[in-house]
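Reader: I've got a model open here and would like to talk it through. Can you take me around?

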Amino acid sequence: LLYPVFGTNAFQLSKNRFQFQKVKNKYITHVLEGQLDTGKMMTALTHLVQSSGTIILNGVRVENFMDNRTSVTVKTEHFEYTTRRLMIATNGFASELLKEDVKPARAQVVVTKPIKQLRIKGTFHLDEGYYYFRNVDNRILLGGGRNLDFATEETTQFGETERVQNQLEKLLGEVILPDASFEIEQRWSGIMGVGPQKLPIVKQLSDSVYCAVRLGGMGIAIGSKVGEELVDLI
């Protein structure tokens, strides 16, 4: 399916050269996949947006909105304002504002302190994609585990649970870094938007309201393209 796009085979079998434990001797490698520095990405995006004169208001919760047909009144926890068009791109949080088929899915994450002579380089997926890990310089970032408790992780509340955190540490110690000592430096969570299929919802809801949501855990990879498709609707 991908050969016509890339002009080469995207997948191949690779030996377990990083000596992961409790996995098969060979695993599937996407030879065209790369890593993004998401901090640099967001810094560049913020600079681009602000240089156009756009104001970014962080930490302001939108409680609801009223579609007035030719305008939209947006009510936040602090103030109200009226706009000609409203574009909702809050992914999993969109379930609080829209009746579209999108649900929140919390992703819990840990990152280690620097590890001496870390050999692991790349991005990796485990257990049908419910776990994801990568090196960040000489650290390991690991996230996932919502399949341990789908009901609890279907939430817009940030936070960590003992069950998922214990499993993340177990994977680090038994599968990813079985022969290395490590310490967890940071823990956090993020909210994804998921649904019955991986296809994002990009649509016009009325004359003044649009949405681009349900990125299925692939926001970093497809977010820019989804944003372009949203703008093309206007």
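Reader: Which residue is the bridge partner of Met87 in β13?

Author: A quick note first: this is a predicted model, where local features need pLDDT of at least 70, side-chain atom pairs count only at pLDDT 80 or more, and totals for chains, interfaces and linings use all residues. Residues are numbered from 1 along each chain as its sequence is written, and side-chain values use heavy atoms, with hydrogens and water left out. Strands here are DSSP E runs of at least two residues and helices are H or I runs of at least four, numbered from the N terminus; two strands pair if DSSP finds at least two bridges between them. β6 and β13 (residues 209-213) pair in the parallel sense over three bridges, and the partner of Met87 in β13 is Tyr210.

Reader: Which strands stand at the edges of that sheet?

Author: The sheet is open and mixed, with its three strands in the order β6-β13-β12. Two of them have a single partner strand each, so one side of each is left without a neighbour in the sheet: they are β6 (86-88) and β12 (201-204).

Reader: Which helix packs on the sheet?

Author: The helix touches β6, β12 and β13 (contact means heavy atoms within 4.5 Å). Its direction makes about 165° with that of β13, using axes fitted to C-alpha atoms, for helices over the stretch in contact, and angles from 0 to 180 degrees between N-to-C directions. That's α5 (residues 219-232).

Reader: Which element gives the largest share of the largest nonpolar core?

Author: Such a core is a set of buried Ala, Val, Leu, Ile, Met, Phe, Trp, Tyr and Cys residues joined through side-chain atoms within 4.5 Å, buried being under 20% relative accessible area, exposed over 50% and partly exposed in between (1.4 Å probe, protein chains only). This one has 21 residues, and the elements giving two or more are β8 (123-126), β9 (131-136), β10 (139-144) and α4 (162-176). The largest share, six residues, comes from α4.

Reader: How far apart are the end C-alpha atoms of α4?

Author: The expected span is 1.5 Å times one less than the number of residues. For the 15 residues of α4 that gives 21 Å, and the model agrees, with the ends apart by 20 Å.

Reader: Is Leu57 buried or exposed?

Author: Leu57 lies in the loop between α2 (38-51) and β3 (62-67). Its relative accessibility is 56%, so Leu57 counts as exposed.
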